[in-house]
Amino acid sequence: MELFNGRPADTTGRLEKEIRVYDLLDSLGIEYQRTDHEEANTMEACNEIDKILDVLICKNLFLCNRTKTEFYLLMMPGDKPFKTKDITKQINCSRLSFADSEYMEEFLNIKPGAVSIMGLMNDKDNRIQLLIDKPVAESEMLGCHPCVSTSSLKMKTDDVLNKFLPAVNHKPIIVDLPDYSDEVQK
């Protein structure tokens with residue numbers, strides 16, 4: 001894997017939804033680095049990419065309430081365990097579960113394994129509420145997929161929060177998920 005600045009020079013064989021991510025980032029003046037790789041749809045595969053990008057790629061979870069009327073995209077550090085009870089109180093939702101992949105494709109135009117904040121550009125009706133764990137929101141750099149799991153991007157978190165999200169009409173809710181690493185060590 002190699003690290004490149006910006007979009008690929010040759011877009012042959014790339015999906016239109018990936019190209020639209022580069023178009024939007026470029027139009028917003030957001031600088032980014034990119035690496036291309038084999039399909040990376042597990043955190044283990046993303047850990048290898050993290051080494052190239054020198055950034056922690058977020059775990060992106062697509063969630064919904066019990067009645068499947070409210071949908072959430074949760075960005076959290078990939079090495080942090082997720083427990084629904086830790087977030088339900090913070091967002092005033094009684095029960096969360098993983099949303100079905102057909103909703104992911106319908107609202108974000110993303111397939112499982114490629115879930116990313118970049119998919120919010122496809123959520124024109126604002127069906128998805130973005131939730132960002134505090135350590136991710138406070139990080140200097142952010143890693144994510146450009147709506148496909150065969151490339152990964154690195155960009156400034158500030159650019160994502162203050163340029164990308166306003167452009168796609170989404171406001172994040174910052175949540176504070178506990179770190180259970182102390183419990184594991186006991």
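The pLDDT is the predictor's confidence in each residue, on a scale from 0 to 100. For the present structure, which is a predicted model, the protein averages a pLDDT of 90, and 93% of the residues score at least 70. Among the elements of the protein, the highest mean pLDDT, 98, belongs to helix α6 (residues 157-167), whereas the lowest, 54, is found in helix α7 (residues 181-185). Where pLDDT is low, the predicted coordinates should not be read in detail.

Aromatic contacts were examined next. A pair of aromatic rings is described by the distance of the centres and the angle of the planes. The structure contains 6 aromatic pairs. In one of these, the ring centres of Y22 and Y32 are 5.9 Å apart and the planes meet at 10°; because this angle is under 30 degrees, the pair counts as stacked. The contact joins distant parts of the chain, with Y22 located in helix α1 (residues 16-27) and Y32 in strand β2 (residues 32-36), 10 residues apart. Both Y22 and Y32 are buried.

A further stacked arrangement involves F62 and F71, whose ring centres are separated by 6.0 Å and whose planes lie at 15°. The relative accessible area of F62 is 3%, so this residue is buried. F71 likewise counts as buried, with a relative accessibility of 2%. Together with Y103 and F107, the residues F62 and F71 make up one aromatic cluster.

Charged contacts form the second group of interactions. Side chains of opposite charge can pair when their charged atoms come close. A search of the whole structure identifies 10 salt bridges. One of them connects D26 with R7, the closest N and O atoms being 2.6 Å apart. This pair also spans distant parts of the chain: D26 belongs to helix α1, while R7 is situated in the loop between β1 (4-5) and α1, 19 residues apart. With a relative accessible area of 36%, D26 is partly exposed; R7, at 29% relative accessibility, is classed as partly exposed.

A salt bridge within helix α1 is formed by E16 and R20, with 2.9 Å between the closest N and O atoms. These two residues are 4 residues apart in helix α1 and are therefore separated by about one helical turn. E16 has a relative accessibility of 53%; as this value is over 50%, E16 counts as exposed. R20, in turn, counts as partly exposed at 25% relative accessibility.

The side chains of K111 and E105 likewise meet in a salt bridge, with an N to O distance of 3.3 Å. K111 is partly exposed, its relative accessible area being 47%, and E105 is partly exposed, with a value of 34%. In addition, salt bridges link R14, E18, R34 and D36 in a network.

Finally, the position of E138 was considered. This residue lies in the loop between α5 (134-137) and β7 (141-144) and counts as exposed, with a relative accessibility of 56%. E138 and D158 are 20 residues apart along the chain, and their C-alpha atoms are separated by 8.8 Å.

Conventions:
Residues are numbered from 1 along each chain as its sequence is written. This is a predicted model: local features need pLDDT of at least 70, side-chain atom pairs count only at pLDDT 80 or more; totals for chains, interfaces and linings use all residues. Side-chain values use heavy atoms; hydrogens and water are left out. Rings of Phe, Tyr and Trp (its six-membered ring) pair if their centres lie within 6.5 Å; planes under 30 degrees apart count as stacked, over 60 as edge-to-face and the rest as tilted. Buried means under 20% relative accessible area, exposed over 50%, partly exposed in between (1.4 Å probe, protein chains only). A salt bridge is a side-chain nitrogen of Lys or Arg within 4 Å of a carboxyl oxygen of Asp or Glu.
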